[in-house]
Amino acid sequence: MAEVLQVDNRDWTGKRRVRRQRAAGRIPAVLYGHGQEVVHLSAATADLAAAVRHGSQVVDLAGAVKETALIKEIQWDTFGQEMLHVDLARVSADERVAVTVALELRGDAPGIKQGGVVDQPVHEIEIECPAAAVTASLEVNINSLELDQSITVGELELPQGASLLVDADMVVVQCSEPAPELDEEEGEPAPAEPEVIGAKKEEGEGEES
Amino acid sequence: MAQMPKRVKHRKCQRRRIKGNATRGNRVTFGDFGLQTTEGGWISAATIEAGRIAAQQYLRNEGQLYIRIFPHKPITSIPLETRMGKGKGEPDYWAAVVKPGTILYEIGGVTEEAARLCFARLAHKLPVRVRMARRRSA
């Protein structure tokens, strides 16, 4: 059951009016897709923030329009704290959509007790699934992750009817020994200044053609 | 050891102004939590290294620390008790130019509470005000 989002029609555009509306607690949104006309909407900041916090990607719009929509893109401010604008794409429940799903680690890896460090190089993957089956995140169980072992995308449990849009051999999480800390005294001493590209070398420094 | 570029086109550069907010490097990308600056400034290579040491001493081989900034800018200075003039000084140190919103460090593989305590230690080393940012899926 998708989250319900109350929306109003929006006749205000332009940065000054949009800024005033944002200050008053409304976020501009746009609804498009399925070859139908583009509709300018607005939603309450608190409602939209709640939907995002709950990880909803598909929402049921209520109020000015009554449709199901996929949250296609959210624009954030520089600090990633406040939403600026939302793109909504029309979808039907049986339509297959491509979505980005977050990966959440669950459990404790036994490899950590063996001196390893759990590294997660991939934090989200793209999948294709029916709009009704879109999920906020996929859980990755690492309870059996030993030292020098890894879990790939192909080993993940996907929602029913979902297929991967990324390489199945991609490593999601691995447990490996921590990289040794570099000692300052080891290796060659660093030069005092970097090499200047195109600078003429002084005499006696070696000849180059 | 403090970082600096391996090769540069020019030994010295002009100071320039820091204008606007960060539009790149302002999202947590590699780890789970990030240290985000709320003001602009120069962060010297020695400061970046001091922050790294402070964080890694706290983490003690748990989790991963990522440094998201690099000191590309040569900062020059003139020696003490030198009369004015006689040209621009010699390169003194290297600094990273950061705009408000830039993620400076990231931590992965630790709890939120551990990351918060680690960043609190690290923030003492920095010349800019910072806040903790969290990873958010696209």
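This is a short dialogue about a sheet in chain B and the contact between chain B and chain A, read from a predicted model.

User: I'm new to this one. In what order do the strands of the open sheet in chain B come?

Analyst: Start with the general idea: strands of a sheet pair through backbone hydrogen bonds, and they can do so parallel or antiparallel. Here, the open sheet in chain B has four strands in the order β4-β7-β2-β8, with antiparallel pairing.

User: Which strands sit at the edges?

Analyst: Look for strands that pair on one side only: in chain B those are β4 (64-67) and β8 (130-134). While you're there, follow the twist, which averages 20° from one strand to the next.

User: Can we zoom in on one pair? How many bridges join β4(B) to β7 of chain B?

Analyst: Four bridges link β4(B) with β7, residues 103-108 of chain B, and the two run antiparallel. For a spot to find by eye, pick B:Tyr66, which stands opposite B:Glu106 in β7(B).

User: Now the helices. Which strands does helix α1 of chain B lie across?

Analyst: Helix α1 (residues 45-59) lies across β4 and β7 of chain B, and runs at about 170° to β4(B). Helix α2 (residues 112-123) of chain B also packs on the sheet, where it touches β2 (33-37), β7 and β8 of chain B. The direction of α2 makes about 155° with that of β8(B).

User: On to the two chains. How many residues does each chain bring to the contact?

Analyst: Chain B brings 33 residues and chain A brings 22 residues. Together the chains bury about 2,400 Å², with 51% of it on carbon and sulfur atoms. On the chain B side, B:Met1, B:Arg7 and B:Arg136 lose the most area to chain A, together 21% of what that side buries.

User: What about charges and polar groups? How many salt bridges cross the interface of chain B and chain A?

Analyst: Two salt bridges are found there. One to look up is A:Glu193 with B:Arg11, whose closest N and O atoms are 3.0 Å apart. The count of residue pairs in polar contact between the chains is twelve. The residues of chain B that touch chain A split into eleven nonpolar, 13 polar and nine charged.

User: Strands can pair between chains too, then. In which sense, parallel or antiparallel, do β14 of chain A and β1(B) pair?

Analyst: Those two pair in the parallel sense, over two bridges, with β14 covering residues 195-196 of chain A. To find the place, start at A:Glu195: its bridge partner in β1(B) is B:Arg7.

Conventions:
Residues are numbered from 1 along each chain as its sequence is written. Chains are lettered from A and ligands numbered from 1 in the order in which they are written. This is a predicted model: local features need pLDDT of at least 70, side-chain atom pairs count only at pLDDT 80 or more; totals for chains, interfaces and linings use all residues. Side-chain values use heavy atoms; hydrogens and water are left out. Two strands pair if DSSP finds at least two bridges between them. Axes are lines fitted to C-alpha atoms, for helices over the stretch in contact, and angles run from 0 to 180 degrees between N-to-C directions. Contact means heavy atoms within 4.5 Å. Buried area is the accessible area (1.4 Å probe) that two parts lose on being put together, summed over both. A salt bridge is a side-chain nitrogen of Lys or Arg within 4 Å of a carboxyl oxygen of Asp or Glu. A polar contact is a pair of N or O atoms within 3.5 Å; within protein, one must be able to donate a hydrogen and the other to accept it, and residues adjacent in sequence count only if both atoms are side-chain atoms. Ala, Val, Leu, Ile, Met, Phe, Trp, Tyr, Cys and Pro count as nonpolar, Asp, Glu, Lys and Arg as charged, and the others, Gly among them, as polar.
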